[in-house]
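Visitor: I would like to go through this structure by asking about it piece by piece. Please show it to me, and then we can start.

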Amino acid sequence: MQALVYHGPGRKAWEEVPDPEITDEGDVIVRVDATTICGTDLHILGGDVPEVRPGRILGHEAVGTVVEAGDGVHRLSPGDRVLVSCISACGACRFCREGRYGQCLEGGGWVLGHAIDGTQAQYVRVPYADTSTYLIPDGAADEDILMLADILPTGYEVGVLAGGVRPGDVVTIVGAGPVGLSAIACARLFSPSHVIAIDVSDARLAAAGKFGADVTINDSREDPAGIIRDLTGRLGSDVVIEAAGTAATFELAVRLARPGGRIANIGVHGKPATLHLEEQWARDITITTGLVDASSTPTLMRLVTSGQLDAGRFVTHRFSMDDFEKAYDVFGDAASGALKVVVTREEDED
Ligand SMILES: [Zn+2]
Ligand SMILES: [Zn+2]
């Protein structure tokens, strides 16, 4: 088969590799019908995730069709359409029993395209298939469901739920990339009084407006702290969601929260950030961090298939698999306006 293979920092290729095989009775082999590229893949290519070894097939998001199931798989059969989540789960360890699948102790968690070969390929082996995939309802579009593999549960769980968004809250999202936009859309489900988006890109802020932000702030030329103070009677934001992953954006997020406020960090940080306890210790704030568990995937799938959450609007570009490297170029180019790029199987293949 063909797959997108990581060859060390800055190097990758769409090339011929051996077909995946079932190695454990809980595995399935999925033919990938649609996959996408994540900002995390760019971090890997940038050398920020050194545990990913050269030779690894990248990708942790897919929609596909089961073509083979191990003897221990009980809920899936060849021909089933499934969502392959970025988080795999053994379903039985201490953390899986608590629904904390991201922390799975038995070879689950974020493994695809990280510790094992991933989804940017014609076929992928998915471990613990019964508890790591989700059957797709008839009639649901591949593209919409694909957004449930990572960005929607990440924005919802690590941003909105961890931040404890409640009706009437002022919710500020720092960083309006795909995950920040997903946090905006999911925050809207809770009827906040205001959703404020902060970014340095006007194009991303325009997208934030379409996804439900009613105040947008370009902090390369505007002062977010002043604007939010004016909007909140000098208090600050009830919830601040950090979805950019730099020291500056984390420190801004902490400053923007009101006393007693909640700061939910989603950002993937490659470098240290400073927590100014000398300013913050008396302000009763709560800071949360986390990796997505994808425990909300069934809930989000109902919201998407019932039309309560518009997943399709994340998709800005489409490619076929033999244009995979071009898909990376477009996704990695800040000027392209790309949010999510969908890469699909060739029509004439089987
Ligand atoms: Zn991802
Ligand atoms: Zn587990």
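Visitor: Which residue in E5 does Val63 stand opposite?
Guide: This is a predicted model, and what follows is computed from it. E4 and strand E5 (residues 81-84) pair in the antiparallel sense, with four bridges between them. In E5, the residue opposite Val63 is Leu83.

Visitor: What is the bridge partner of Ala34 in E4?
Guide: E3 and E4 run antiparallel and are joined by seven bridges. Across that pairing, the partner of Ala34 in E4 is Val63.

Visitor: Where does Leu58 lie, and is Leu58 buried or exposed?
Guide: Leu58 sits in the loop between H1 and strand E4 (62-69). Its relative accessible area is 0%. A residue counts as buried under 20%, so Leu58 is buried.

Visitor: What distance separates the C-alpha atoms of Leu58 and Leu309?
Guide: Along the chain, Leu58 and Leu309 are 251 residues apart. In space, their C-alpha atoms are separated by 28 Å.

Visitor: Which residues coordinate the zinc ion (ligand 1)?
Guide: The donor atoms are an SG, an NE2 and an OD, at 1.8 to 2.2 Å. In sequence, the donor residues follow the spacing C-x21-H-x89-D. In that order they are Cys38, His60 and Asp150.

Visitor: How many residues apart in sequence are the parts that Cys38 and Asp150 tie together?
Guide: Cys38 is in the loop between strand E3 (28-36) and helix H1 (39-45). Asp150 is in the loop between helix H4 (142-146) and helix H5 (151-161). Because the two sit in these separate loops, the pair ties together parts whose separation in sequence is 112 residues.

Visitor: Are Cys38 and Asp150 buried or exposed?
Guide: The relative accessible area is 8% for Cys38 and 9% for Asp150. The cut-off for buried is under 20%. Cys38 is therefore buried, and Asp150 is also buried.

Visitor: What is the geometry at the zinc ion (ligand 2)?
Guide: The protein donors here are the SG atoms of Cys90, Cys93, Cys96 and Cys104, lying 2.3 to 2.4 Å from the ion. Along the chain their spacing is C-x2-C-x2-C-x7-C. The angles among the four donor atoms are 104 to 117 degrees. Four donors with all angles between 85 and 135 degrees count as one class, so the site is tetrahedral.

Visitor: What is the relative accessibility of Cys96 and of Cys104?
Guide: Both residues are donors of the zinc ion (ligand 2). Each counts as buried, Cys96 at 4% and Cys104 at 10%.

Visitor: Which residues of E8 lie on each of its two faces?
Guide: In a regular strand the side chains alternate between the two faces of the sheet. Strand E8 (residues 170-174) has five of its five residues buried, so both faces are covered. One side has Val170, Thr172 and Val174, and the other has Val171 and Ile173.

Visitor: What is the bridge partner of Val170 in E9?
Guide: E8 pairs with strand E9 (residues 194-199) over five bridges, in the parallel sense. Within E9, the partner of Val170 is His194.

Visitor: How many residues of helix H6 (residues 178-187) are buried?
Guide: The buried residues include Pro178, Leu181, Ile184 and Cys186. The helix is mostly covered, and the count of buried residues is nine of ten.

Visitor: Which element gives the most to the lining of the largest cavity?
Guide: The structure holds one cavity of 30 Å³ or more, and the space in the largest cavity is about 40 Å³. Its lining is formed by Glu251, Val254, Arg255, Thr274, His276, Glu279 and Gln280. Helix H9 (247-256) and helix H10 (277-280) each give two or more of these residues. The one that gives the most, with three residues, is H9.

Visitor: How many of the residues of H9 are buried?
Guide: Among the buried residues of H9 are Phe250, Glu251 and Val254. H9 is largely enclosed by the rest of the structure, because its buried residues number seven of ten.

Visitor: What is the volume of the second largest pocket?
Guide: H5 gives the most to the lining of this pocket, with three residues. By class, the lining has five nonpolar, five polar and three charged residues. The volume of the second largest pocket is about 230 Å³.

How values were computed. Residues numbered from 1 in each chain as written. Chains lettered and ligands numbered in written order. Predicted model: local features only at pLDDT ≥ 70, side-chain atom pairs only at ≥ 80, totals over all residues. Heavy atoms only, no water. Donors = N, O, S within 2.8 Å, 3.2 Å for Na, K, Ca; no water. Buried < 20%, exposed > 50% of the residue type's maximum accessible area, 1.4 Å probe, protein only. 1 Å grid on protein atoms, 1.4 Å probe; cavity = no way out; pocket = protein on both sides within 12 Å on 5 of 7 lines; lining within 4 Å. Points joined across faces, edges and corners; volume = space filled by probe spheres on them. Nonpolar A, V, L, I, M, F, W, Y, C, P; charged D, E, K, R; others polar. Tetrahedral: all angles 85-135°; square planar, octahedral: opposite > 155°, others 65-115°. Pairing = 2+ DSSP bridges.
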